[in-house]
Amino acid sequence: MKKVLIVYWSGTGNTQAMAESVSRGVGDGGGESILKDAGNATADLVKEAEALAFGCPAMGAEVLEEGEMEPFIASLGSAEVGDKSLGLFGSYDWGDGQWMRDWADRMKGLGAKLDGEGIIVQLEPTEEALIQCYELGKRLAG
Ligand SMILES: Cc1cc2nc3c(=O)[nH]c(=O)nc-3n(C[C@H](O)[C@H](O)[C@H](O)COP(=O)(O)O)c2cc1C
């Protein structure tokens, strides 16, 4: 059974709903889903996982949330994420998705195999976005 680690940060629940859909997809795809909020995630958990999904809304000025998610991401190197499939997702509001483009480039720079360019949704995820998250989970479990 493939171990898929999902790490997310969410202030008002939008990105959390996306994370939960990814997790359901992993389970239905036959994988083992490990769902953690960023405050409880460690680089060691990432190292042990076989595939990854990370979620964070656009915060600050088009950056990751700085209290928990940014330190978590900054703790990772190619030893943890290199050559692993990774899906990114998150909610935003008034921007144009710059935070996700920057984040995707950063993770590619560590050698992660990005699944698409990241699933982004304005504010509360639509049914369509939740289905995309679910399908991401299924692919990561496969
Ligand atoms: C402090 C703060 C900073 C934000 N910065 C941005 C931003 O730079 N760009 C953007 O598109 N949305 C920004 N937003 C909007 C959030 O990304 C949006 O409300 C999102 O749905 C929150 O997701 P969550 O429910 O998972 O916390 C910001 C929101 C807050 C509270």
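**Note on the ligand site and its pocket**

1. The lining of the largest pocket is made up of eight nonpolar, nine polar and two charged residues. The structure is a predicted model, and the points below should be read accordingly.

2. The largest pocket holds about 270 Å³ of space. Its lining comprises 19 residues, of which Pro57, Ala58, Met59, Ser91 and Tyr92 are the closest to the centre of the pocket. Helix H1 and strand S4 each contribute at least two residues to this lining.

3. The ligand occupies the space of the largest pocket. In the shell around the ligand, the elements that give two or more residues are helix H1, spanning 14–28, and strand S4, spanning 85–92.

4. The ligand has 18 residues around it, and those that come nearest are Ser10, Gly11, Thr12, Ala58 and Ser91. By class, the shell around the ligand contains seven nonpolar, nine polar and two charged residues.

5. Three glycines place backbone atoms beside oxygen atoms of the ligand. For Gly11, a backbone N or O atom lies 2.7 Å from a ligand oxygen atom. The corresponding distance is 2.8 Å for a backbone N or O atom of Gly95 and 3.1 Å for one of Gly13. Taken alone, the ligand exposes 640 Å², and the protein buries 79% of that area.

6. Two residues link the descriptions of ligand and pocket. Ala58 and Ser91 are among the residues that come nearest to the ligand, and both are also among those closest to the centre of the largest pocket.

How values were computed
Residues are numbered from 1 along each chain as its sequence is written. This is a predicted model: local features need pLDDT of at least 70, side-chain atom pairs count only at pLDDT 80 or more; totals for chains, interfaces and linings use all residues. Side-chain values use heavy atoms; hydrogens and water are left out. A residue is near a molecule or strand if one of its heavy atoms lies within 4 Å of it. A polar contact is a pair of N or O atoms within 3.5 Å; within protein, one must be able to donate a hydrogen and the other to accept it, and residues adjacent in sequence count only if both atoms are side-chain atoms. Accessible areas come from the Shrake-Rupley method with a 1.4 Å probe; for residues, only the protein chains shown count as cover. On a 1 Å grid over the protein atoms alone, a cavity is a set of points where a 1.4 Å probe fits but cannot get out, and a pocket is an open set with protein on both sides within 12 Å along at least five of seven lines; lining residues have an atom within 4 Å of a point. A molecule sits in a cavity or pocket if more than half of its atoms lie within 2 Å of its grid points. Helices (H or I, at least four residues) and strands (E, at least two) are DSSP runs, numbered from the N terminus. Ala, Val, Leu, Ile, Met, Phe, Trp, Tyr, Cys and Pro count as nonpolar, Asp, Glu, Lys and Arg as charged, and the others, Gly among them, as polar. Grid points are joined across faces, edges and corners, and a volume is the space filled by probe spheres set on the points.
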